[in-house]
Amino acid sequence: RIIGAISPPRPDYLEIRDSLGEAYAQFYQGFTDCQEGHYDDCYRRFGALIHSLGGEKHPERIPGPVLWYQGLAAAHLQLWGPAARLMDRALAAQQEAEQNGSLSRVPLRTNEYRYTLATILAAAGRTDSAITLFRQVADNDIGLYMAHVRLAALYEARGDYTHAVEERNYAVNANPDDPSLLLDLGVTLGKAGLLPQAQIKLAQAAQANPRDSRVF
């Protein structure tokens with residue numbers, strides 16, 4: 001809705017269908033549905049578009065943005081299996097586009113597709129696959145600190161505090177201007193039983209942002 005407020009209104013569905021054909025109409029209306037948060041409609045409409053293009057038998061016919069938006073809609077609907085499959089195909093399409101020097105209009109790099117897929121895998125409970133993919137994300141972009149945050153949360157859920165603390169430290173180093181990362185590090189250190197170190201990091205977080213009551 002925020003995007004819609006500053007974007008020019010899109011043509012009417014019937015107008016697009018009459019001038020450009022059913023496939024274009026399905027795409028533009030599906031994009032609008034996703035933009036406005038109508039994820040059921042978005043998912044269904046892009047599914048119909050993929051079917052009309054013969055995407056089941058000829059996946060190469062499906063443009064990357066179609067896979068991306070239907071995958072986002074599936075994730076919002078918590079359809080983790082379809083979301084993971086769609087995002088995996090969207091990632092492959094993006095990698096191929098980058099290799100050919102022909103990027104889609106979706107303003108993301110390959111590593112951000114990879115991050116999104118890893119997030120979906122984590123939500124689906126496929127922890128090992130998510131950890132592997134988040135590790136690739138971090139290796140490809142040391143500044144994408146949220147990959148370390150996600151990894152720390154996954155390790156913490158497993159009770160692997162050694163690796164969780166390591167990832168929290170990586171996140172702080174990648175984005176030292178965010179005091180909340182110091183808070184997260186302090187909490188994880190506390191859970192690991194490293195209370196003196198936790199107190200130091202929490203004190204640093206309080207100094208960096210005295211308004212954050214969670215630190216106290």
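Where does Ser129 sit? Ser129 is in helix α8, and we'll come back to that residue. First, some ground rules. What you have here is a predicted model, where local features need pLDDT of at least 70 and side-chain atom pairs count only at pLDDT 80 or more, while totals for chains, interfaces and linings use all residues. Residues are numbered from 1 along each chain as its sequence is written, and side-chain values use heavy atoms, with hydrogens and water left out.

On confidence, then. pLDDT is the predictor's confidence in each residue, from 0 to 100. The mean over the protein chain is 86, and 86% of its residues reach 70 or more. The stretch to be wary of is residues 11–20, where pLDDT stays under 50. For those residues the model has 12 contacts beyond four places in sequence, a contact being heavy atoms within 4.5 Å.

Okay, the overall picture. The protein chain has 12 helices and 0 strands. Helices here are DSSP runs of H or I with at least four residues, strands are runs of E with at least two, and the numbering goes from the N terminus. Of the 216 residues, 38% count as buried; buried means under 20% relative accessible area, exposed means over 50%, and partly exposed is in between, with a 1.4 Å probe and protein chains only. If you take contacts between residues at least 6 apart in sequence, 40% of them join residues at least 24 apart. The accessible surface comes to about 12,400 Å², with 52% of that belonging to carbon and sulfur atoms; that's Shrake-Rupley with a 1.4 Å probe, and for residues only the protein chains shown count as cover.

Now to helix α7, residues 110–123. Its 14 residues reach 20 Å from first C-alpha to last, close to the 20 Å expected at 1.5 Å a residue. That expected span is 1.5 Å times one less than the number of residues. How many of the 14 residues of α7 are buried? It's 11, so the helix is largely enclosed by the rest of the structure. What covers those buried residues includes α5 (64–76), α6 (80–100), α8 (127–140) and α9 (145–158).

Let me pick out two residues of α7. Thr110 lies in this helix and is buried, at a relative accessible area of 7%. Setting aside neighbours within four places in sequence, Thr110 touches Leu91, Gln94, Gln95 and Glu98. Arg114 is also found in α7, and this arginine is buried too, with a relative accessible area of 11%. Again leaving out neighbours within four places, Arg114 is in contact with Leu91, Gln95, Leu133, Gln136, Val137 and Asn140.

That brings us back to Ser129, which counts as partly exposed at 35% relative accessibility. Its C-alpha is 7.5 Å from that of Ala118, with the two residues 11 apart in sequence. Ala118, for its part, is among the buried residues of α7.

A quick word on backbone angles. Most residues other than glycine have a negative phi. Gln78 is not a glycine, yet its phi is positive, about 60°. Gln78 is in the loop between α5 and α6, and it is exposed, with a relative accessible area of 57%. There's a glycine with positive phi as well: Gly125, which follows α7, near 85°.

Next up, helix α12, residues 195–208. Its 14 residues should span 20 Å at 1.5 Å a residue, and the end C-alpha atoms are indeed 20 Å apart. Buried in α12 are Ala198, Ala205 and Ala206. Looking down the axis, the buried residues fall within an arc of 100°, so they line one face of the helix; the arc is taken over the directions from the helix axis to the C-beta atoms. The face turned away from the buried side carries the exposed residues Pro196, Ile200 and Gln207. Part of what covers the buried residues is α11 (179–191).

Last thing: the cysteines. How many disulfides does a search of the whole structure find? The count is 0, where a disulfide is a pair of cysteine sulfur atoms within 2.5 Å. The sulfur of Cys34 has its closest cysteine sulfur in Cys42, at 4.0 Å, which is too far for a bond. Cys34 is buried, at 10% relative accessible area, and Cys42 counts as buried at 0%.
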